[in-house]
Amino acid sequence: MTQPLSGIGHAGLPLYTKQQIAESASIREGLEPYREAQWRRQYTHFIIDLGKALGVPQWAIYTAVFICHHYFIKRSMQKNDRYLVATACLYLASKVQETPKYLRDVIKEAERRKWAKWVQQHPADRGLWESQANLEKMRDEVLVAERAVLYAISFQLRIKVPYNDLLLLQQHLPEAHRHDVINVAWNLVNDSLQTTLSLLWPPEKIAAAALFLSLQMHGLPLPSKEGHGFCALCNITDEELREISNGLLDVYVTVLCKESVPGTPPDRAQPSSPNADGTHLQLQENRVRLVMQQQHVQTQQQQQQQQQQQRSGGPTTPSEEQQQAQQEQPNGSMQHNPS
């Protein structure tokens with residue numbers, strides 16, 4: 001029997017407020033916010049690429065990035081080698097998620113990637129990173145960094161990831177579209193790693209928002225449970241759903257491009273990913289944001305009607321403007337009934 005969504009968050013690890021994240025150790029020591037975001041994306045891409053090269057499953061990669069984000073809320077990027085910490089986080093996460101990798105393999109692949117650009121410019125130095133002395137030095141440094149990470153997360157190693165919740169929710173989707181919807185939602189969760197959403201929200205709510213956006217992109221109705229809306233099914237409020245969804249959509253504006261930084265002028269914007277057209281993604285994002293805005297307006301109208309019913313003691317009739325607005329709703333957009 002499928003277990004209900006737990007809502008336990010990241011076990012013993014705390015969630016942060018936006019204000020706490022804005023006052024991270026790096027920011028307090030003078031690092032500019034846009035530069036912190038850029039460095040965060042750099043070590044995130046490093047972990048993802050390193051994990052894929054080593055055959056680490058996605059849930060372990062998510063765990064590694066989450067641990068690294070958590071570490072750099074408390075520790076300064078200026079005083080810590082972010083690539084060394086990232087390597088230690090992936091090594092630790094592979095053990096936490098019971099997919100361990102040999103430390104020597106992790107170090108060799110990490111060093112190969114760190115030296116790749118240098119070796120292209122200086123071919124004579126190709127063998128330096130492979131030397132036994134360098135690998136032994138890196139082994140000691142990674143183990144020290146792993147211990148520092150463990151102290152930073154207070155040895156809390158029971159970490160929950162959103163993918164489990166996506167798999168639980170798929171039973172409520174139409175079978176014909178289940179694979180495509182879950183695939184897009186899964187990718188949205190992957191892309192969220194480049195933000196601080198995992199520090200702000202528990203994993204089951206990130207999964208709910210990713211599923212919501214995927215359904216909207218496919219033009220499919222939102223699933224419900226026992227006559228209640230999507231929010232009741234996912235144990236999330238309408239406000240939380242909209243805020244997390246906006247955070248996920250922001251990824252495709254300022255985060256997915258490795259070289260971009262938040263606040264890039266529109267005339268310098270680049271496609272979100274090498275395999276996607278930026279204009280298409282922008283239109284898709286605008287469409288989903290419009291649907292979300294319409295749903296929010298409809299929710300407020302429903303609440304006003306309910307208040308009028310309570311005051312008058314009887315049902316009210318929608319105004320002509322409200323009926324016309326509902327008729328003009330774009331094809332493919334779906335009603336969102338909050339719990």
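**Exercise 1. Helix α6 and its packing**

Against which helices do the buried residues of α6 pack? Describe the helix and identify the residues concerned.

*Solution.* The model is predicted.
Step 1. Helix α6 covers residues 103-121, which amounts to 19 residues. From its first C-alpha to its last it reaches 28 Å, close to the 27 Å expected at 1.5 Å a residue.
Step 2. The helix bends by about 50 degrees at Trp 115.
Step 3. Buried positions in α6 are Leu 103, Val 106, Ile 107, Glu 109, Ala 110, Glu 111 and Val 119.
Step 4. The buried residues of α6 pack against α3 (33-54), α5 (82-96) and α7 (132-152).

**Exercise 2. Two buried residues**

Determine whether Glu 109 and Thr 44 are buried or exposed, and list what each touches.

*Solution.*
Step 1. Glu 109 belongs to helix α6. Its relative accessible area is 14%; the cut-off for buried is under 20%, so Glu 109 is classed as buried.
Step 2. Leaving aside residues up to four places away in sequence, Glu 109 touches Leu 50, Ala 53 and Leu 54.
Step 3. Thr 44 is located in helix α3. With a relative accessible area of 0%, Thr 44 is also buried.
Step 4. Again not counting residues up to four places away in sequence, Thr 44 touches Val 65, His 69, Leu 193 and Gln 194.

**Exercise 3. The largest nonpolar core**

State how many residues the largest nonpolar core has and which of them have the most contacts inside it; then trace where the core residues come from.

*Solution.*
Step 1. The largest nonpolar core has 83 residues. Those with the most contacts inside it are Ile 47, Tyr 62, Ile 67, Cys 68, Leu 211, Leu 215 and Phe 230.
Step 2. Helix α4 (residues 58-74) provides the largest share of this core, 11 residues.
Step 3. At least three residues of the core come from each of domain 1 (18-153) and domain 2 (162-259).

**Exercise 4. Positive phi outside glycine**

Locate Phe 155 and Asn 235, and give the phi angle and exposure of each.

*Solution.*
Step 1. Most residues other than glycine have a negative phi.
Step 2. Phe 155, although not a glycine, has a positive phi of about 60 degrees. This residue is found in the loop between α7 and α8 (162-169). Its relative accessible area is 44%, so Phe 155 is partly exposed.
Step 3. Asn 235 has a positive phi of about 55 degrees and is likewise not a glycine. The loop between α12 (230-234) and α13 (238-255) contains Asn 235. A relative accessibility of 51% places Asn 235 in the exposed class, for which the cut-off is over 50%.

**Exercise 5. A pair of residues apart in sequence**

Describe the setting of Asn 164 and its C-alpha separation from Pro 203.

*Solution.*
Step 1. Asn 164 is part of helix α8, and its relative accessible area of 43% makes it partly exposed.
Step 2. Asn 164 and Pro 203 are 39 residues apart along the chain, and their C-alpha atoms are separated by 9.0 Å.

**Exercise 6. The chain as a whole**

Summarise the secondary structure, burial, contacts and exposed surface of the chain.

*Solution.*
Step 1. The chain has 15 helices and 0 strands.
Step 2. Of its 339 residues, 46% are buried.
Step 3. Among contacts with a separation of 6 or more, 78% involve residues 24 or more positions apart.
Step 4. The chain exposes about 17,700 Å², of which carbon and sulfur atoms supply 49%.

Conventions: Residues numbered from 1 in each chain as written. Predicted model: local features only at pLDDT ≥ 70, side-chain atom pairs only at ≥ 80, totals over all residues. Heavy atoms only, no water. Helix = DSSP H or I, 4+ residues; strand = E, 2+ residues; numbered from the N terminus. Expected span 1.5 Å × (residues − 1). Bend = angle between axes of the 7 residues up to and from the residue. Buried < 20%, exposed > 50% of the residue type's maximum accessible area, 1.4 Å probe, protein only. Contact = heavy atoms within 4.5 Å. Areas by Shrake-Rupley, 256 points an atom, 1.4 Å probe, with all protein chains shown as cover. Core = buried A, V, L, I, M, F, W, Y, C linked by side-chain atoms within 4.5 Å. Domains from an automatic or database assignment.
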